[in-house]
Amino acid sequence: MLTTLNVSSIFMFRRKRFPTNLKDATPLCPEADGHVLRRRQPRFTIELFLSRQPHNSRSNRLKEEDQMRKLPILSVGKYSIFLMVLVGIGTFLTCPPFSHALPDEKDALDQSVRGSGISPESIRVHHQALVDIATKAGGFDSGIRLNEAGREAGEYLLRGYQEAGLSNVRSEEFFPNRWWPEQYDLAIIGGSGKPDQRLNAFPLWNCEGADHLELEVVYAGYGISGEFRSLDVKGKAVLIHMKRILHFIPSYQYTKALDTAREKGAKAIIVAEAIVDSPTGNPVGKIGEIKNQKAQTPNLFPMPVLSLSKSDGEILKKRLDGGATRVRLNLKCSVTPGKAQNIVGELPGNGKTNEYIVVGGHYDTWFDGAVDNCGAQASVLAMAKYFSQMPQTLRNRTLIFASLFGHEYGSNAEMGHAAFVEKRSDIQNKITCFVNIDGAGSWGWEEKGDTGEILPTNADDKGGIFATSWALTAIGRKAVYKYAKGPWGQYPLNSYVADLHGPISGAGWPCLLLISKHIYYHSPLDTIDRITPDQVYRRTLMNISVITDLLESPPGYLINADANPNRKLREGEKAQPDLTRNKLPQNPNPWTQGAPTELSVNIIPAKPYVFSPVITWVSYFKADAVEMEDQVSWDFGNLLGLVKPPKPNLASGSMYFLPGTKKISMTVTDSQGRSSSITREIMVSAGQYGFIYWIAVALVGLFCLWIIKVIRRRATR
Ligand SMILES: [Zn+2]
């Protein structure tokens, strides 16, 4: 979730449908997407199912496990060998070779890292171990959270830090309250003798529970104000769809859908994924709340909010389209005292400066958390090992490694980051940089356009550079150009990611974040088969390159030139000039030839209304070199655009005052000034009050004519 992107304003699993089989059926290729596997090779679906019903009843779980044992593990029929060979060849042919590419053989850093006993395979061992801890409980219970897995992951990282050779390795405990869903169910009530249909729901974190509510459901699109206009949601359950804006931001946060539903008197909210076929793992909390939240007790959203997969959302929507639909909804949750730990270790510097470099990121996860953030933590362990083998005389700064807990869980989020910063007030002005390691490389998938289908990009996932100075940006860029195999995004300055390292940036520390998360993150589909060992290895090289440059930077320079708006200058201290943007390094090896290609755009809602926002964002494009956020511009072809043209941005939006067909254009300009555009048409309607609306428009028109007449008459006098 990125504050800078104008964010003003994601089972009863259908157990057969949920492809946990991917972990075991691993063709290392984006085609391994569950949908594709299921559709194209149904006979190869290995039917391993979640070990848990959404409600926690032990007897149910046992029944379930019993049934699972009876299900076929692999059913391929008599042509199995022949078909397997065919699929093997197909998988090989459709997997692009270049993303497997490692740095060329002469890359000095690669050689040095391998010489330290670090390889794609050795990092994978940590990666797999952390994912195994996260998945231990199985299904919805999985995830490194305030649970047994959270404790185990902390212990694993602590041992990892010790084995890597860090000194002063310790667990720093803190005590957040623990919101926990004890039981949750959602079912469409069958009525007139028909059986209920259970849906696989997962709660959004930090909402209030409800005891077996029976509610009528109303559909509110993406929850944009115009979509609520003619709805009576009072005392009902509101179904809204969500997309992941720029992979990161659940659209209900952008559209403020949950707040609107609450204000209009809804009793419960059901959030259905519009593209990803699994429920979402996310807090209800708004970004602003998360940023400033230091309280031990989460502010609970005053009604239950449950999320659904795309297909379960479609089932519910279909029933609604067929007439009045009621659901039975149950959420039992508790708030109890919890205990979490940050894992910290150090490598002392050579004493030439008194500065520190902090390398870290969060280790809590939703579900498997393979890309978010187990891979990154595996990478951190590798970095710890690498730098501990560097002679102390060469380490120009003290390195602090920190695995922080509690980023993911809404109002309690960032507790670990806040606790970490508070303990370090004594070194506040001595920190060269906090290097945030979030996401560690994966294949890319995108919903190209508004198709509702997720397609593999057959390349590494795109990433982004976020920094608090151009000087840090330059260091990030250099590493990205060298080790990323495809386009990355460059974001403007001071665009710290509030809920990624809010309290750290908030304390004024210089921050650098190199981040990428594929579109399945925060869902049970964030599995390790979506990531190859070389992808994490290359990201590790990228991170090590950054840290090496930070170690070698002149004393004081990066601190004094930092532009973090939260930085407080000490008495007598003067800020030094930062690099200027035009001095940033350019990509020596262009990622693409020619003008930007494969432009595609997302627009919500599908049926916009007058005087109600239309929200647009880049769903995909390929372009040479690092794109600045201001290289994407928008034209909404409307009156508002004439008065206040939209600022260039990856995500944008506007409003229309007149109904009719409208054209929305997105233009992407690459670093060499080459542009490409894409135009989409939308139909804006006046909604159910169309007749009254046109009368109002006619009256306004007549009034304007009258004014003109009066002015002319006066002028001719
Ligand atoms: Zn996350």
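This passage describes the overall make-up of a predicted protein model, followed by one helix pair, one enclosed helix and one small sheet.

In the predicted model, the protein contains 19 helices and 27 strands. Of its 717 residues, 50% are buried.

Helix H6, spanning residues 148-164, packs against helix H12, spanning residues 370-388. The axes of the two helices lie 8 Å apart and meet at an angle of about 20 degrees. Because angles under 35 degrees count as roughly parallel, H6 and H12 are described as roughly parallel to each other. The crossing of H6 past H12 is right-handed. On the H6 side, the contact is made by Leu-157, Gly-160, Tyr-161 and Ala-164. On the H12 side, Gln-377, Leu-381, Ala-384, Lys-385 and Ser-388 take part. By character, the residues of this contact comprise five nonpolar, three polar and one charged. The spacing of such positions along a helix can be understood from a general rule: an α-helix has 3.6 residues a turn, so residues three or four places apart point the same way.

A further helix, H13, covers residues 415-422. Seven of its eight residues are buried, and H13 is therefore largely enclosed by the rest of the structure. The buried residues of H13 are Met-415, Gly-416, His-417, Ala-418, Ala-419, Phe-420 and Val-421.

Turning to the strands, an open sheet is formed by three of them in the order S21-S22-S25, with antiparallel pairing. Strand S21 (597-604) and strand S25 (651-654) stand at the edges of this sheet. Each has a single partner strand, so one side of each is left without a neighbour in the sheet. From one strand to the next, the twist averages 25 degrees.

The pairing may be followed strand by strand. S21 and strand S22 (residues 614-622) run antiparallel and are joined by six bridges. Within this pair, Thr-597 stands opposite Lys-622 of S22. S22 also pairs with S25 in the antiparallel sense, here over four bridges. The bridge partner of Val-614 in S25 is Ser-654.

The side chains of S25 can likewise be considered by direction. Ala-651 and Gly-653 point one way from S25, whereas Ser-652 and Ser-654 point the other way. All of these residues are buried. Ser-654 is thus described twice: as the bridge partner of Val-614 and as a buried residue of S25.

Terms used:
Residues numbered from 1 in each chain as written. Predicted model: local features only at pLDDT ≥ 70, side-chain atom pairs only at ≥ 80, totals over all residues. Axes fitted to C-alpha atoms, helices over the stretch in contact; angles between N-to-C directions. Parallel < 35°, antiparallel > 145°, perpendicular 65-115°, else oblique. Left-handed = near helix turned anticlockwise from the far one by under 90°. Contact = placed C-beta atoms within 7 Å. Nonpolar A, V, L, I, M, F, W, Y, C, P; charged D, E, K, R; others polar. Pairing = 2+ DSSP bridges. Buried ≥ 20, exposed ≤ 12 C-beta atoms within 10 Å, placed from the backbone.
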